[in-house]
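The points below are offered to a colleague who is meeting this structure for the first time. They are meant to be read beside the sequence and the coordinates.

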Amino acid sequence: MKRLAIALTGLSALALAACASLAPYGAQRGSGGQGYSEQRIETNRYRVTYNGVGAAGRVADWALVRAADLTTEQGYDWFEVTQSWTDGRPGGAGGVRPSLSVGGGTSRYGGYSASGVGVGLGLNFSGPEPTSTTLEVVMGRGAKPDSPYAYDARSIQGAIPR
């Protein structure tokens, strides 16, 4: 009976982990689901979004992969990221944010006073958080521009595993 309880606990943990993990690379299925979506802005300009759970770095990589795939599908050679957002914040400003607080107080009775300083970090005990990376890209043909934000589409497709 004890072995059965341990086995069921292990299976429950695996099932929970499977529910809260990044789905395989692919198109988004349904509103709020994991995967990529894109919006055409102009002939050679798109907004590409990749939604996932947990692995923010992997989600950002797959947004680049989708931009590269879309670039080659449209007959272009390179793309340049003109704007990016991570979880709705410009420039990929996601992550843990520290906080600092100062407090104090006095007591009428006994003449006590106190003060304090605290430093904290937000911790997530509820499991992996949904994350998204959105890139606005401009696509082009020929030689890639000399810009740190410009990428050769085929190089990205070969460098980042799916």
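1. Glu-38 is a convenient place to begin: with a relative accessibility of 35%, Glu-38 counts as partly exposed. The model is a predicted one. In it, Glu-38 forms a salt bridge with Arg-66, and the closest N and O atoms of the pair are 2.9 Å apart. Because Glu-38 lies in strand S1 and Arg-66 in helix H2, the pair ties together parts that are 28 residues apart in sequence.

2. Arg-66 also takes part in a second salt bridge, in which its side chain meets that of Glu-73 at 3.2 Å, N to O. Shared partners thus join Glu-38, Arg-66 and Glu-73 into one network of salt bridges. The three residues may be set side by side in their exposure. Arg-66 is buried, at a relative accessible area of 5%; Glu-38 is partly exposed, at 35%; and Glu-73 is exposed, at 52%.

3. A further salt bridge deserves attention. The side chains of Arg-47 and Glu-136 meet at 2.7 Å, N to O. Arg-47 belongs to strand S2 and Glu-136 to strand S7, so this pair ties together parts that are 89 residues apart in sequence. Arg-47 counts as partly exposed at 29% relative accessibility, whereas Glu-136 counts as buried at 7%. The structure holds 6 salt bridges.

4. The overall layout can be stated briefly. The protein has 3 helices and 8 strands, and along the sequence they follow the pattern α-β-β-α-β-β-β-β-β-β-α. Of the 162 residues in the protein, 27% are buried. The exposed surface of the protein is about 10500 Å², of which carbon and sulfur atoms supply 56%. Among contacts between residues at least 6 apart in sequence, 65% join residues at least 24 apart.

5. Which strands pair with S2? Strand S1 (residues 35-42) runs antiparallel to S2 and is joined to S2 by 7 bridges. The connection between S1 and S2 is a hairpin of 2 residues. S7 also pairs with S2 in the antiparallel sense, over 9 bridges. Arg-45 illustrates both pairings: Glu-42 has Arg-45 as its bridge partner in S2, and Arg-45 in turn has Val-138 as its bridge partner in S7. S2 is mostly covered, with 7 of its 9 residues buried.

6. The largest nonpolar core contains 22 residues, and those touching the most other members are Tyr-50, Leu-64, Phe-79, Val-137, Met-139 and Ile-156. Two or more residues of this core come from each of strand S2 (45-53), helix H2 (56-73), strand S3 (78-86), strand S7 (130-140) and helix H3 (153-159). H2 gives the largest share, 8 residues. As general background, nonpolar side chains in soluble globular proteins tend to be buried together.

7. Phe-79 may serve as a guide to the surroundings of this core. Leaving aside residues up to four places away in sequence, Phe-79 touches Leu-64, Ala-67, Ala-68, Thr-71, Val-137, Val-138, Met-139, Tyr-149, Ala-150, Tyr-151, Ala-153 and Ile-156. Three of the residues named here, Leu-64, Val-137 and Met-139, are, like Phe-79, among the core members that touch the most others. Val-138 is also the S7 bridge partner of Arg-45.

8. Gln-83, which lies in strand S3, offers a further example of a contact across the sequence. Gln-83 is partly exposed, with a relative accessible area of 39%. Apart from residues up to four places away in sequence, Gln-83 touches Thr-134, Leu-135 and Glu-136. The C-alpha atoms of Gln-83 and Leu-135 are separated by 5.9 Å, although the two residues are 52 apart along the chain. Glu-136 is also the salt-bridge partner of Arg-47.

9. Finally, a point on confidence. The mean pLDDT of the protein is 78, and 64% of its residues reach 70 or more. Residues 1-19 have pLDDT below 50, and beyond near neighbours in sequence this stretch has 0 contacts in the model. Residues 92-99 also stay under 50, but for them the model has 18 contacts beyond four places in sequence. Where pLDDT is low, the predicted coordinates should not be read in detail.

Methods
Residues numbered from 1 in each chain as written. Predicted model: local features only at pLDDT ≥ 70, side-chain atom pairs only at ≥ 80, totals over all residues. Heavy atoms only, no water. Core = buried A, V, L, I, M, F, W, Y, C linked by side-chain atoms within 4.5 Å. Buried < 20%, exposed > 50% of the residue type's maximum accessible area, 1.4 Å probe, protein only. Helix = DSSP H or I, 4+ residues; strand = E, 2+ residues; numbered from the N terminus. Contact = heavy atoms within 4.5 Å. Pairing = 2+ DSSP bridges. Salt bridge = Lys/Arg side-chain N within 4 Å of Asp/Glu carboxyl O. pLDDT = per-residue confidence, 0-100. Areas by Shrake-Rupley, 256 points an atom, 1.4 Å probe, with all protein chains shown as cover.
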